[in-house]
Amino acid sequence: MSYLKPARRQNGKFLNPVPTHFTSASEMFRMLPEFLFGRRKREPAPQLPHFRTDARWFEASNGSPVRITWFGHSSLLLEVDGFRLLVDPVWSLRASPVQFAGPQRFFPPTIALHELPPLDAVLISHDHYDHLDETAVRALADRNVRWVTSLGVGKYLRRFGVSAERIDEMDWCDRLSLTSGRNGATLEILSLPSRHFSGRSLFNRFGTLWASFVLRNDHHNLYFGADSGQWPGFAEIGETYGPFDLTMLEIGASNPLWESIHLGPDRAVEAHVALRGRVMFPIHWGLFDLALHEWRQPIERLLSIAPEKGVDLWIPAPGVPTAFQGEPTQNLWWRPFVNPAQARVPSLATAKG
């Protein structure tokens, strides 16, 4: 049985590649007290500093074919042999339908949107507020770049000011080949299934598609998992499109009740192995309070279990363009802020590892 098929709909709603459990109203009600009153350890105390990205760093090449700038959560700038792909940019104060309530950033954006270097494409994995940010889209809408997203999400991009002719909506198993107008660099994007859901309100769930993505050229093969629960398709993706030089997999905003739609650190390690990944880059953590765990629990848990499974980790500091050379690196940038007496902003030398 193959799991790698185009998406299916039923009654106008997209279906997951395998049957998927979603938290019931009664389960959510039982969790409500902790959501309302258990915030003390779920947010950094004291507040994290303003990590900063110097725009001049993008002007100089460090000689590495792959360089990644992680802005927190799932937002990152991926540079592959000169091709620049901005992924799931979220710059708003809150990952929420409104900016006066909802999960608030732990630290400000590390760079202003207008200071980002010239881009070739922007990838939006799905329409949740922690991945599709109106503020970021509107600020970047007038740039002459390609916008790549999942089926149905284009309507939001058009609403936020992106021209329809610059939007490519992808079904699962679609392929798109892109060429940089700046330097001729190329990147192929493959949209693949993930086990999640979509919707920007309680009333339009499953109306647009969600996906994971293979990002590759002749020299590099990367996997961006976006949001997904554990499922057998990871093994088939690994067999069909792997091995991957780097897997980017979510570890935060997890809960045992949500294992079917969010990995968490333990399942992320399993997914990385199934994908035949060489090095794992943990994403979807460190910026928003979207679950019940302590803010640093996902990364600390990952660090404790990865060696047992033989999984190498690539952990950059926020906002620093960092070379990926096929080898693991671990910048433990958050640890000084666990003890207020030791808190300090990492230096550039520290951040570059």
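A residue is called buried when its relative accessible area is under 20%. The legends below describe a predicted model.

**Figure 1. Buried residues of helix H4.** Helix H4 spans residues 233–241. Its buried residues are Gly233, Phe234, Glu236, Ile237, Gly238 and Tyr241.

**Figure 2. Elements packed against helix H4.** The buried residues of H4 pack against five strands and a helix, listed here in chain order. The strands are S9 (175–179), S10 (186–192), S11 (212–216), S12 (221–224) and S13 (244–250). The helix is H5 (264–274).

**Figure 3. The segment annotated as a domain.** An unreviewed UniProt entry lists residues 84–285 as "domain: Metallo-beta-lactamase". Over this segment the chain is 16% helix and 26% strand. The C-alpha atoms at the two ends of the segment lie 23 Å apart.

**Figure 4. The chain around these views.** Seven helices and 17 strands occur in the chain. Of its 353 residues, 57% are buried. The radius of gyration is 19 Å, which agrees with the value near 20 Å that a compact globule of 353 residues would have. Along the principal axes, the C-alpha atoms fill a box of roughly 55 × 55 × 45 Å. Among contacts between residues at least 6 apart in sequence, 66% join residues at least 24 apart.

**Figure 5. Surface and charges of the chain.** The exposed area of the chain is about 14900 Å², and carbon and sulfur atoms supply 51% of it. The chain carries 37 positive and 36 negative charges. The mean positions of these two sets of charges are 4 Å apart.

Conventions:
Residues numbered from 1 in each chain as written. Predicted model: local features only at pLDDT ≥ 70, side-chain atom pairs only at ≥ 80, totals over all residues. Heavy atoms only, no water. Buried < 20%, exposed > 50% of the residue type's maximum accessible area, 1.4 Å probe, protein only. Helix = DSSP H or I, 4+ residues; strand = E, 2+ residues; numbered from the N terminus. Contact = heavy atoms within 4.5 Å. UniProt positions renumbered as here; feature names shortened; annotations may be inferred. Rg over C-alpha atoms; globule rule 2.2 N^0.38 Å. Areas by Shrake-Rupley, 256 points an atom, 1.4 Å probe, with all protein chains shown as cover. Lys, Arg positive; Asp, Glu negative; His and termini not counted. Charge placed at Lys NZ, Arg CZ, Asp CG, Glu CD.
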